[in-house]
Amino acid sequence: MIARIFRPSKTAMQSGNARAREWMLEFAPASARTPDPLMGWTLTDDTSAQVRLTFESRDDAVAYAQKHGLAFQVTEPKSPKRILKAYADNFSADRKQPWTH
């Protein structure tokens, strides 16, 4: 079973970075999920896929995995592409498309 260490991305519902600065360790599923024949719910035999541990830094998560003898894979976060704009750029004279309502 392989543990995945990563930094979760920021939620699209808010502009804040809450819970996007911490690192997570979660386990890859050992078996595929199957639908329940009676209710149609998704079933799994693997309870370790429900475990998510949070750490303050990448090094803490790696140290935890090494201490407990877990095989792990570290996924580095991608930096967001920033497009710096000013509100006044909407009304500039050299705008590519004319401003209309």
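Is Asp-59 buried or exposed? With a relative accessible area of 54%, Asp-59 is exposed. That value, like the others here, is computed from a predicted model. Let's start with the whole chain and come back to Asp-59 along the way.

## Overall fold and shape

The chain has 1 helix and 6 strands. Read from the N terminus, its elements follow the order β-β-β-β-β-α-β. The radius of gyration is 22 Å, whereas the globule rule gives 13 Å for 101 residues, so the chain is more spread out than a compact globule. Along the principal axes, the C-alpha atoms fill a box of roughly 60 × 45 × 20 Å.

Burial and contacts add to this picture. Of the 101 residues in the chain, 16% are buried. The accessible surface amounts to about 8,900 Å², and carbon and sulfur atoms hold 53% of that area. Among contacts with a separation of 6 or more, 49% join residues that are 24 or more positions apart.

## A salt-bridge network across three strands

Side chains of opposite charge can pair when their charged atoms come close. The count for this model is 4 salt bridges. Arg-4, Glu-26 and Arg-52 are linked in a network of such bridges, and it is worth following one link at a time.

Take the link between Arg-4 and Glu-26, a salt bridge with an N to O distance of 2.7 Å. Arg-4 sits in strand 1 (residues 2-6) and Glu-26 in strand 2 (residues 23-27), so this pair ties together parts that are 22 residues apart in sequence. Glu-26 also forms a salt bridge with Arg-52, and here the closest N and O atoms are 2.8 Å apart. Because Glu-26 belongs to strand 2 and Arg-52 to strand 5 (residues 52-55), this second pair ties together parts that are 26 residues apart in sequence.

How do the members of the network stand towards the surface? Glu-26 has 12% relative accessibility and therefore counts as buried. Arg-4 is partly exposed at 34%, while Arg-52 is exposed, with a relative accessible area of 56%.

## Back to Asp-59

The exposed Asp-59 has a charged partner too. It forms a salt bridge with Arg-58, with the closest N and O atoms 3.9 Å apart. The cut-off for a salt bridge is 4 Å, so the pair qualifies at its 3.9 Å. Arg-58 itself, at 32% relative accessibility, counts as partly exposed.

## An aromatic pair

The structure holds 1 aromatic pair. Phe-55 and Tyr-64 have ring centres 5.5 Å apart and planes at 45°, so the pair is tilted. For reference, planes under 30 degrees apart would count as stacked and those over 60 as edge-to-face.

The two rings belong to residues with their own burial classes. Phe-55 counts as buried because its relative accessibility is 14%. Tyr-64, with 29%, counts as partly exposed.

## A nonpolar patch on the surface

Which residues make the nonpolar surface patch of about 420 Å²? They are Leu-38, Met-39 and Trp-41. Leu-38 is found in the loop between strand 3 (34-35) and strand 4 (42-43). With 73% relative accessibility, Leu-38 counts as exposed.

Notes: Residues are numbered from 1 along each chain as its sequence is written. This is a predicted model: local features need pLDDT of at least 70, side-chain atom pairs count only at pLDDT 80 or more; totals for chains, interfaces and linings use all residues. Side-chain values use heavy atoms; hydrogens and water are left out. Patches are made of residues with over 30% relative accessible area and no salt bridge: like charges are joined within 9 Å, nonpolar side chains (Val, Leu, Ile, Met, Phe, Trp, Tyr) within 5 Å. Accessible areas come from the Shrake-Rupley method with a 1.4 Å probe; for residues, only the protein chains shown count as cover. A salt bridge is a side-chain nitrogen of Lys or Arg within 4 Å of a carboxyl oxygen of Asp or Glu. Helices (H or I, at least four residues) and strands (E, at least two) are DSSP runs, numbered from the N terminus. Buried means under 20% relative accessible area, exposed over 50%, partly exposed in between (1.4 Å probe, protein chains only). The radius of gyration is taken over C-alpha atoms; the globule rule is 2.2 Å times the number of residues to the power 0.38. Contact means heavy atoms within 4.5 Å. Rings of Phe, Tyr and Trp (its six-membered ring) pair if their centres lie within 6.5 Å; planes under 30 degrees apart count as stacked, over 60 as edge-to-face and the rest as tilted.
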